[in-house]
Amino acid sequence: MKADVLIIGAGSAGLAAAVRAARAGARTILLERHGFAGGMGTASLVHTFCGLYLQDAETPQWSNPGTLAEEIGRRMELATGLGAVKSGRVWFLPQHPVEFAALADSMLREAGVEVLFHSELVALEPGWRARVACRGEGIDIEARAVVDASGDAVAASALGMGHMMSDSRSLQRPAYVCGVQGVAGEIDGLALAGWIIDGIRAGDLGTAATGMHFRASGRAGEVFATLDLAGMETGDYDPTDPRCLAALEATGREVAMAVVACLKRSAPGWEGAFISHWPARAGVRESRRWIGQALLTGEDVMAGRRFDDEVAVASWPLELRETHRGPRLRYPVGPAGIPRGALIAAGVDGLFMAGRCLSCDHEAQASIRVMGTCFATGDAAGKMAAASAG
Amino acid sequence: MERSCTAEEVVEMLREEGLVDLPAGVDGDADLFAAGMDSMAVMQLIVIIEERWGVRLGAADATREVLGTPASLAARICEGK
Ligand SMILES: Cc1cc2nc3c(=O)[nH]c(=O)nc-3n(C[C@H](O)[C@H](O)[C@H](O)COP(=O)(O)OP(=O)(O)OC[C@H]3O[C@@H](n4cnc5c(N)ncnc54)[C@H](O)[C@@H]3O)c2cc1C
């Protein structure tokens, strides 16, 4: 197969990159190993878009107006009927993974992107030739430009090119999100916390249950249950190790089953509750990051630094989750620019990156990984890739 | 196990455990939920209170009245002794 632009991964960044490249006139192929786009926002049931709006504003103000971040935000509002919500100093948009997957299908179809689902990149050579595995068969794809939107910098790893990964202890912790239905009435997070504590005291739950919290999905009776995990279930946390990933998945299910069974017995309104769906995969916040022509740092983000060549704006605080005891938020003085070079690989032509694996340090990643910002960096990478292929 | 508990000790404990980001100079009436305490932090808080003061809070205590400020928490801990 041949394309102008090949995008690896159809998460929030890859979706935006593919739509933008195709709209710019490039023949675009989008590779995704799952059967739907959306990445963590669908496969891992992450259900709020952060980073779409400026911090501290009285009303929601788009931080990347005119980009796919705004377009996807607006289309999601129409799909769910829900608007932006303010929490402390920031705004976020509730989103539903079911709507997100369907919205992504429409946008990819409208833009004329060739989508290859159930296809995993396994090798890559500069120039560009990609080897993709689908159902035990290899497919070769030739392209003039490539965007790595895999979240895990798989292209850097495949090419043996410069990338980094925080050490096991400081990596942002993973979490397991599942869908629960049959819940009557409002969610009272505080009361549920109390019932979980009682469940731990009674010996029905382990202390891992203290990582559990809930948010109403916006649909009748449906709740998302999120369990923050230590990631150390089988030793050191390594989101690129399949044994570690297997332990995350199994632990997430085990704890969620026990917590929902406990709430069913004790919490008013939860008598008829049941787990209605598992995620396709446990949520991973951070793994490999690229080293590109420029490196965005946490200091840049905190100082609200702007760049002459910036291609997107980061507007979410540093959300540090190095322990599974909840987030620590660090608020920047204002929105920061993301320089063009943070989306361009060094030492090779026609290779771009976007989303949570772009070129930045651990602290900056704590801001730029949110989906609103991923849409914006995806949009920018798609535009650059189309221009470089044209 | 300590004998009584003051709002200052609760503030010190919250800082040591990093459960909420408290601004410098907060007093006993600071709103902990406004400072970012969420339901997960509440669960950890209840576990830590039992470890430090030997007082077991339960589902009935999981309210803003009990957990909302360092002072209200300290009062509940003293009561539980
Ligand atoms: C538990 C959790 C909670 C979060 N909460 C929020 C939140 O509330 N709001 C928010 O905005 N963000 C949140 N985030 C962050 C956000 O969800 C992610 O950082 C963001 O989705 C990253 O987008 P991405 O497109 O860079 O990568 P991903 O979403 O990881 O997408 C990468 C895609 O590439 C595919 N892929 C990878 N390798 C290959 C390959 N070799 N071949 C083919 N396909 C491949 C994957 O299957 C995936 O679909 C959260 C993350 C987690 C884990």
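Strands E12(A) and E13(A) pair in the antiparallel sense over five bridges, where pairing requires at least two DSSP bridges between two strands. Helices (H or I, at least four residues) and strands (E, at least two) are DSSP runs, numbered from the N terminus. The model is predicted: local features need pLDDT of at least 70, side-chain atom pairs count only at pLDDT 80 or more, and totals for chains, interfaces and linings use all residues. Residues are numbered from 1 along each chain as its sequence is written, and side-chain values use heavy atoms, without hydrogens and water.

Within the E12(A)–E13(A) pair, A:Arg215 stands opposite A:Phe224 in E13(A). Both strands belong to an open, antiparallel sheet of four strands in chain A, ordered E12-E13-E11-E14. Strand E12 (212-216) and strand E14 (274-277) of chain A form the edges; each has a single partner strand, so one side of each lacks a neighbour in the sheet. On average, neighbouring strands of this sheet are turned by 40° against each other, direction ignored. Helix H6(A) packs on the sheet and touches E11 (175-181), E12, E13 and E14 of chain A, contact meaning heavy atoms within 4.5 Å. The direction of H6(A) makes about 40° with that of E11(A); axes are lines fitted to C-alpha atoms, for helices over the stretch in contact, and angles run from 0 to 180 degrees between N-to-C directions.

A:Gly235 is located in the loop between strand E13 (223-228) and helix H6 (242-266) of chain A. With a relative accessible area of 33%, A:Gly235 is partly exposed (buried: under 20%; exposed: over 50%; partly exposed: in between; 1.4 Å probe, protein chains only).

Technical notes. Chains lettered and ligands numbered in written order.
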